[in-house]
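Dear colleague,

I am passing this structure on to you, with the sequence, and my notes follow below it. Please keep both open while you read.

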Amino acid sequence: MRLYLLYLGTMQPGDIPVPGYLIRTADNINILVDTGWPRSFVDDPRPPPGLTIDIRPEDIITARLADIGLKPSDIHYLVCTHLDDDHCGNHDLFPGAELIIQKQHYTVAKGGHPRFAANRSVWDRPDLRYRQIEGDVELVPGVTIFETSGHVPGHQSLLVRLPETGNVILAADAVMHHTMADATTREIYITDMDDETGIRRSTQKVADIARNEQAALVVYGHDTGQWATLRLSPQYYD
């Protein structure tokens, strides 16, 4: 089992990383988690107000996959942590994969919520195969998806059991920064969609799983300082 951390661009202010992840199992099942901003942003960035986005050609999801010898057609599962534009910008490249999403989140997005409308033509396509799950699910042995509503309804995070590194949590936007890891003190951002109670509940869930599973590493979704210290693809954790 290997875990690759994919750097898919930078948001300003703050040199904020845009993350993706690739899990390759011992039996060569390839699980992609999130796909970054739309690849069109390399030449024509169209960020929301208040953000500047820098995506180099090498930051596009297809380029990051190519660095480790993979093509979009090699991806078996695409886990959608949620459908914010910086996480689902290239879903259309993966019609051969099974897309895994929380039913609650898919229902909210398909229902026309404006937050998920800008990139809808990319994630809401008839050639994409979504599997809607509810709650915590073991996707394959060693990879568990757990529901972490708060940032958005039906957000999901992952627990990856690596043979050498140990257990790794991919918190994604449930906990975007290490300073937000304490449920009682974490700051609530304007981008957090759910009520404060739900946000703090999901933050605590991440912390509880990290403790109970004796996690060797919790990867926060947009933590500039942490990502500067991590082993980024084509290096990997095993």
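Let me begin with Asp34, which is found in the loop between strand E3 (30–33) and E4, where helices (H or I, at least four residues) and strands (E, at least two) are DSSP runs numbered from the N terminus. Before going further, please note that this is a predicted model, in which local features need pLDDT of at least 70 and side-chain atom pairs count only at pLDDT 80 or more, whereas totals for chains, interfaces and linings use all residues. Residues are numbered from 1 along each chain as its sequence is written, and side-chain values use heavy atoms, with hydrogens and water left out.

Unusual backbone

Asp34 is not a glycine, yet its phi is positive, at about 70°. Its relative accessibility is 0%, so Asp34 counts as buried, a word that here stands for under 20% relative accessible area, with exposed meaning over 50% and partly exposed the range in between (1.4 Å probe, protein chains only). Asp15 also has a positive phi without being a glycine, in its case near 50°, and this residue sits in the loop between E1 and E2. With a relative accessible area of 45%, Asp15 is partly exposed. As background, most residues other than glycine have a negative phi, and most peptide bonds are trans.

The loop between strand E1 (2–12) and strand E2 (16–24) also holds Pro13, which is joined to Gln12 by a cis peptide bond with omega of about 5°. Another cis peptide bond runs from Ser233 to Pro234, with omega near 15°, and Pro234 is placed in the segment after helix H6 (224–227).

The sheets

Seven strands make up an open sheet of mixed pairing, in the order E4-E1-E2-E3-E5-E6-E7, where two strands are said to pair if DSSP finds at least two bridges between them. At its edges are strand E4 (52–54) and strand E7 (129–133), each of which pairs on one side only. Within this sheet, strand E5 (residues 77–79) and strand E6 (residues 98–102) run parallel and are joined by three bridges, with Leu78 standing opposite Leu99 in E6.

An open sheet of five strands, again with mixed pairing, follows the order E8-E9-E10-E11-E12. Strand E8 (137–140) and E12 stand at its edges with a single partner strand each, so one side of each has no neighbour in the sheet. Strand E10 (residues 156–162) pairs with E11 over five bridges in the antiparallel sense, and Arg161 stands opposite Asn167 in E11. By contrast, strand E11 (residues 166–172) runs parallel to E12, to which four bridges join it, and here Ile169 faces Val218 in E12. Between these two strands the chain passes through helix H5 (residues 196–212), giving a right-handed β-α-β crossover, that is, one whose path from the first strand over the helix to the second runs clockwise when the strands point away from the viewer.

In a regular strand the side chains alternate between the two faces of the sheet. Strand E12 (residues 217–220) is covered on both faces, since Leu217 and Val219 on one side are buried, as are Val218 and Tyr220 on the other.

Pocket and cavity

The largest pocket holds about 940 Å³ of space. It is lined by 33 residues, and the closest to its centre are Met11, Trp37, Pro48, Leu51 and Asp86. Helix H2 (85–88) and helix H4 (120–123) each contribute at least two residues to this lining, which divides into 15 nonpolar, 10 polar and eight charged residues. In this count Ala, Val, Leu, Ile, Met, Phe, Trp, Tyr, Cys and Pro are nonpolar, Asp, Glu, Lys and Arg are charged, and the others, Gly among them, are polar.

The whole structure shows one cavity of 30 Å³ or more, and the largest cavity has a volume of about 30 Å³. Its lining consists of Leu8, Thr35, Gly36, Trp37, Ile55, Asp59, Ile60, Ile61 and Asn90, of which five are nonpolar, three polar and one charged.

On a 1 Å grid over the protein atoms alone, a cavity is a set of points where a 1.4 Å probe fits but cannot get out, a pocket is an open set with protein on both sides within 12 Å along at least five of seven lines, and lining residues have an atom within 4 Å of a point. Points are joined across faces, edges and corners, and a volume is the space filled by probe spheres set on them.

With best wishes
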